[in-house]
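Here's a friendly walk through one protein model. Have a look at it first, and then we'll go through a few spots together.

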Amino acid sequence: MLLYYCITFFVIYELIEFGVRKFNKSYNWIAQPYKMVAANTALIVLVFLPLNYIAVELNFGSFPERYSRSQIYFLKLNNLFTALLILLYINSKYFFSSWEKSVIKTQEISKQQVKQELLALKNQINPHFLFNNLNTLTHLVSEQKPEAEAYILELSNIYRYLLDEKKADLVAIEKELSMLHSLLYLLKIKHGENIQFTYHETDFKNFKIATFTLQLLLENAVKHNVITREDKLYIEMYMEESYMVIKNNVLKKPNNVYSSGIGLDNIISRYKLLSKNNVLIEESEAHFIVKIPVITHESTYS
């Protein structure tokens, strides 16, 4: 009898596995669960039960003196119970396989969407930056000022940085600070000593920020504030726990100042994709403060 149970188990397993494998080529537990339930039900009712009945009757029904009807009924029921357990086991394997593939596919789609959003946001920056500096460069060249050559050199350094880091979502703070030196030179040419920027470079090490963050923050401060000999713009950058802080005094321009919509919105949108922590903004009559989350590892697309 032990041999019978072993052979029966093997035959039932192969039958069920063959049927479920066929179903999974046409349907999917994640996308089409009702069709999978219907197909499995049909496999048991229309295929297994008739075959089970015929097989048991042929093997045991012909020997009524040895096997009673209750014993035969028990064998049929035992085979059905075995088939249902095997069906559950095999379908669970296919279900978890489908679920895993679905999760991976969803993550890949999500990652690609995030990359496309980041690329679209970064593509806003280059034309905006170039437009802001062409007027100053035109003025220097037309007046044949000696600063024009140095201005072009520093502008080319910044644009080289923009091109080099265009595909990067994050950049080491050391690289961004290197670009900052050239950017500050351009601002000094335009505004002279009327703009003052202070920071301790040794405080900014071993972390990453979203590319072009400092550029946009400086441009934002310059764009929204009056800068004159009487009203100097003071910008300070320092570390505060897990944030890099950029703080400037407020010298607001008139309300009708044109805004391109690029700048802070761009930074905030990118950090929502790159970091679990949000960009923090604090504004008062005296100061405008932006706190940028520090990223200490290759951040996550969530």
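What follows covers some salt bridges, a cavity and a surface patch.

This is a predicted model, where local features need pLDDT of at least 70, side-chain atom pairs count only at pLDDT 80 or more, and totals for chains, interfaces and linings use all residues. Residues are numbered from 1 along each chain as its sequence is written, and side-chain values use heavy atoms, with hydrogens and water left out.

Let's start with the charged pairs. The structure holds eight salt bridges (a side-chain nitrogen of Lys or Arg within 4 Å of a carboxyl oxygen of Asp or Glu). Here are three of them, with the N to O distance:

| Lys | Glu | Distance |
|---|---|---|
| Lys-175 | Glu-165 | 3.3 Å |
| Lys-188 | Glu-193 | 3.6 Å |
| Lys-291 | Glu-240 | 2.6 Å |

The Lys-291 and Glu-240 pair links distant parts of the chain, strand β7 and strand β4 (residues 233-240), 51 residues apart. Strands here are DSSP runs of E with at least two residues, and helices are runs of H or I with at least four, numbered from the N terminus. Lys-291 is buried at 11% relative accessible area, while Glu-240 is partly exposed at 32% (buried is under 20%, exposed over 50%, partly exposed in between, with a 1.4 Å probe and protein chains only).

Lys-175 and Glu-165 form a salt bridge too. Lys-175 sits in helix α6 (residues 173-191) and Glu-165 in the loop between α5 (147-164) and β1 (170-172), so the pair ties together parts 10 residues apart in sequence. Glu-165 is buried, at 10%, and Lys-175 is partly exposed, at 46%. Elsewhere, Glu-57, Arg-69 and Lys-76 are linked in a network of salt bridges.

Now for the inside. There are two cavities of 30 Å³ or more (sets of points on a 1 Å grid over the protein atoms alone where a 1.4 Å probe fits but cannot get out; lining residues have an atom within 4 Å of a point). The largest has about 40 Å³ of space, counted as the space filled by probe spheres set on the points, which are joined across faces, edges and corners. Which element gives the most to its lining? That's α7, with three residues.

Finally, the outside: Val-45, Leu-46, Val-47, Leu-49 and Leu-51 make a nonpolar surface patch of about 420 Å². Patch residues have over 30% relative accessible area and no salt bridge, with nonpolar side chains joined within 5 Å and like charges within 9 Å; areas come from the Shrake-Rupley method with a 1.4 Å probe. Leu-46 lies in helix α2 (residues 33-61) and counts as exposed, at 63%.

Note on methods:
1 Å grid on protein atoms, 1.4 Å probe; cavity = no way out; pocket = protein on both sides within 12 Å on 5 of 7 lines; lining within 4 Å.
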